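This briefing is intended for a reader who has the sequence and coordinates at hand. Please consult the structure alongside the points below.

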Amino acid sequence: MEEKAKAEDKIGMSETWLRKHRLIYDGATRHPLIISICDGTINIASFKTWLAQDYLFVRAFVPFAASVLIKAWKESDCRGDMEVILGGVASLEDEISWFKAEANKWGISLSDVVPQPPNKNYYRLLESLMTFWAIEAVYQESFAHCIEEGSKIPPELKETCARWGNEAFGKYCQSLLNIANRRLQKASDEELKKAEFMLLSVLEHEVEFWNMSCGNKNRVNQNLGNRRNNEGILLLCKISNMSLKLVFLFKSTFHLPFSENGCSLVVRIPRCGRGDLGSNPSSHTLLFHLRIF
C-alpha cells in the first residue's frame, strides 16, 4: 500500500486519476465528433453548433479564469504559478476574437445563440484549479489527436485543430498540471475526494458538450466500425444519492437503484457501424455487472 502511494506521488495524483478513469477520459478526448474531424467525415452542422456554444462557454470561462488567477496570487507558494495562469487569462481575449471571426466566416449570428442545457450545466462547474486544468487538457488532447500524422482533417478545420492541438498549448497544459499536482500534495483527504470528483465531472460534462454539438445523442453520423466490443459505450459509473449514474455516449443519462453488493443491468444499444446509430436496426444486448468498490 505504501509503495502504491509513493508511485502515485511520483507520477502525480492527477495522472493517477486519469489512469483510474481512463474510460471516461477516452470518451471525452476521443469522442465520435473528434474522430469524425480526424477522418474527414465531420457533419459541418455539428461543428457550427460546437463553435457557437463554445463561444458562450469561453465568455463564461473568463471570470472563472480570473478567479483562479486571484486565488493563485493569494494562496500559491510559487510566483511562477500566477504567471502561468495569467498567460491563460490574457489569451482569452484573442480566443473570443477568434470565435467571432470564425462565426462570421461560417455565417453564424452569435447574438442569436442561446446556451443549451449541457452548456448551462457546465457553467456551474467552474470553481477550482482542477476544473481549470482539466478543461484545457481535454481540448489539448482532443485536438492534438486531430492533427496527428495520417489524419484527414477538412482543410477549413485545420486552424481550429491547431489552435488547441499545438505544442505550445500542450506545454501550457503541462504547466497547469504541475501546479495542480503540487497543490494536491498538500490537500487533505476530503479535498482530494472533491478534486477527483471535479475531474470526473469535467470529463462527464465534456462528453455531454460533444453530444450536444451532434444535435441528438441517439443520432451521430459517425463511422465507429473500428471500435471493437462496443468500446467506449459505457463511459462512467458514479455513485450519487444512493443511485448509480450511467453516462452512455449515445444514450441519455439515467439512474437505477443499487444494493450494497452492486447490481446487473441489461441494455440494448445500437450496433456501432457506418451511418446513423439511431436508424440502424441491428443492435447488441449487453449485460453489465456493476459492483461498488
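The following points treat internal space, helices, selected residues and cysteines in turn.

The model is predicted. The structure holds one cavity of 30 Å³ or more, and its second largest pocket has a volume of about 550 Å³. A search of the whole structure finds zero disulfides.

**The largest cavity**

- The largest cavity contains about 160 Å³ of space.
- Its lining is made up of 14 residues, of which Phe57, Glu95, Ile135, Glu136 and Tyr139 are the closest to the centre.
- Two or more lining residues come from each of helix 5, helix 6, helix 8 and helix 11.
- Helix 5 gives the most to the lining of the largest cavity, namely four residues.
- By class, ten residues of this lining are nonpolar and four are charged, while no polar residue is present.

**The second largest pocket**

- The volume of the second largest pocket is about 550 Å³.
- A total of 21 residues line the second largest pocket, and the closest to its centre are Lys71, Ser128, Leu129, Met130 and Arg183.
- The elements that give two or more residues to this lining are helix 5 (44–75), helix 6 (79–105), helix 8 (129–146), helix 10 (167–184) and helix 11 (189–214).
- The lining of the second largest pocket divides into eleven nonpolar, seven charged and three polar residues.

**Helices 8 and 11**

- Helix 8 has 18 residues, which should span 26 Å at 1.5 Å a residue; the distance between its end C-alpha atoms is 26 Å, in agreement with that expectation.
- Of the 18 residues of helix 8, 16 are buried, and the helix is thus mostly covered.
- Helix 11 consists of 26 residues and reaches 38 Å from its first C-alpha to its last, close to the 38 Å expected at 1.5 Å a residue.
- Because 20 of its 26 residues are buried, helix 11 is largely enclosed by the rest of the structure.
- Glycine 215, just after helix 11, takes a positive phi of about 95 degrees.

**Residues of helix 6**

- Isoleucine 85 is placed in helix 6 and counts as buried at 1% relative accessibility.
- The C-alpha atoms of isoleucine 85 and tryptophan 73 are 9.9 Å apart in space, and the two residues are twelve residues apart in sequence.
- Tryptophan 98 also lies in helix 6; its relative accessible area is 7%, so it is classed as buried.
- Between tryptophan 98 and arginine 163, which are 65 residues apart along the chain, the C-alpha separation is 9.8 Å.
- Phenylalanine 99 belongs to helix 6 and is buried, with a relative accessible area of 0%.
- Phenylalanine 99 and alanine 52 are 47 residues apart along the chain, and their C-alpha atoms are separated by 8.0 Å.

**Residues of helices 3 and 5**

- Threonine 29 lies in helix 3, which covers residues 22–29, and is buried at a relative accessible area of 0%.
- A polar atom of the side chain of threonine 29 lies 2.9 Å from the backbone oxygen of tyrosine 25.
- Valine 62 is found in helix 5 and is partly exposed, with a relative accessible area of 30%.
- Valine 62 and glycine 88 are 9.8 Å apart, C-alpha to C-alpha, with their positions 26 residues apart in sequence.

**Cysteines**

- A disulfide is a covalent bond between the sulfur atoms of two cysteines.
- The search of the whole structure finds zero disulfides.
- For cysteine 38, the closest cysteine sulfur is that of cysteine 146, at 3.7 Å, which is too far for a bond because a pair of cysteine sulfur atoms must be within 2.5 Å to count as a disulfide.
- Cysteine 38 has a relative accessibility of 10% and therefore counts as buried, the cut-off being under 20%.
- Cysteine 173 is likewise buried, with a relative accessible area of 6%.

Note on methods
Residues numbered from 1 in each chain as written. Predicted model: local features only at pLDDT ≥ 70, side-chain atom pairs only at ≥ 80, totals over all residues. Heavy atoms only, no water. 1 Å grid on protein atoms, 1.4 Å probe; cavity = no way out; pocket = protein on both sides within 12 Å on 5 of 7 lines; lining within 4 Å. Points joined across faces, edges and corners; volume = space filled by probe spheres on them. Nonpolar A, V, L, I, M, F, W, Y, C, P; charged D, E, K, R; others polar. Buried < 20%, exposed > 50% of the residue type's maximum accessible area, 1.4 Å probe, protein only. Expected span 1.5 Å × (residues − 1). Polar contact = N/O pair within 3.5 Å; in protein donor to acceptor, adjacent residues only side chain to side chain.
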